Amino acid sequence: MVVGAFPMAKLLYLGIRQVSKPLANRIKEAARRSEFFKTYICLPPAQLYHWVEMRTKMRIMGFRGTVIKPLNEDAAAELGAELLGEATIFIVGGGCLVLEYWRHQAHQRHKEEEQQAAWDAMRDEVGRLALALETLQAQTQAQTQAAPAQSALEELQAQMREVRAQLCARDAPQAASVPQVVSASKAASASKDQESAEV
């Protein structure tokens, strides 16, 4: 089951608020006990808050120029302790939200780096496959060019055999007629010798 982001954020804020309450209560107790804490940390923000709040209310109601009396010390200390406690809760909650944002950003950055690495690996693989394809195309082209050269060579060899066969066929009758011519010339020379001997 998928839970929406808004209810989860609300639940997280409530959880932080519940966890921060004991810390805020301890700060309030310290503010009530310690005179230094009460005087220098709780009273100034409480008086400033009271002055801004009363000034705003007077302006909304239409009263201008009225003097605002400061709070008495006990009420200012109580208000300052409350403001400090709420500020603590707010700071803790805001810090948690900032940390969650940073964690989310780091997760997104890591995810983008993984996607970029996968993209680079795919691009390298595509480049390697393109190079292998070019090599195979070159080999195929060389083989197709070698095949006609091979067939041309075989054709030339066949023609050479035919020419040799024809030459051998011509030489055989000539070789057979050459001995007959030689024997006829020998017979003619022998008959000439006999005629010369008779004379």
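**Exercise 1. In which helix does Trp 102 lie?**

Solution. The model is predicted: local features need pLDDT of at least 70, side-chain atom pairs count only at pLDDT 80 or more, and totals for chains, interfaces and linings use all residues. Residues are numbered from 1 along each chain as its sequence is written, and side-chain values use heavy atoms, with hydrogens and water left out.

Step 1. Trp 102 belongs to helix α3, residues 73-198. Helices (H or I, at least four residues) and strands (E, at least two) are DSSP runs numbered from the N terminus.

Step 2. With a relative accessible area of 54%, Trp 102 is exposed. Buried means under 20% relative accessible area, exposed over 50%, and partly exposed in between (1.4 Å probe, protein chains only).

Step 3. Trp 102 joins Val 98, Leu 99 and Tyr 101 in a nonpolar surface patch with about 460 Å² of accessible area together. Patches consist of residues with over 30% relative accessible area and no salt bridge; like charges are joined within 9 Å, nonpolar side chains (Val, Leu, Ile, Met, Phe, Trp, Tyr) within 5 Å. Areas come from the Shrake-Rupley method with a 1.4 Å probe, and for residues only the protein chains shown count as cover.

**Exercise 2. Establish the surroundings of Lys 38 and His 50 in helix α2.**

Solution. Step 1. Lys 38 is placed in helix α2, residues 35-61, and His 50 lies in helix α2 as well.

Step 2. Lys 38 is buried yet has no salt bridge; Glu 35, the nearest side chain of opposite charge, is 4.2 Å away. A salt bridge requires a side-chain nitrogen of Lys or Arg within 4 Å of a carboxyl oxygen of Asp or Glu. Lys and Arg count as positive, Asp and Glu as negative; His and the chain ends are not counted.

Step 3. Not counting residues up to four places away in sequence, Lys 38 touches Ala 31, Arg 32, Leu 43, Glu 73 and Ala 77. Contact means heavy atoms within 4.5 Å.

Step 4. His 50 is buried because its relative accessible area is 13%. Apart from neighbours within four places in sequence, His 50 contacts Ile 68, Lys 69, Pro 70 and Leu 71.

**Exercise 3. Characterise the chain as a whole.**

Solution. Step 1. The protein chain contains three helices and zero strands.

Step 2. Buried residues make up 11% of its 199 residues.

Step 3. Mean pLDDT (the predictor's confidence in each residue, from 0 to 100) is 77 for the chain. Confidence is lowest in helix α1, residues 5-33, at a mean of 72, and highest in α2, at 87.
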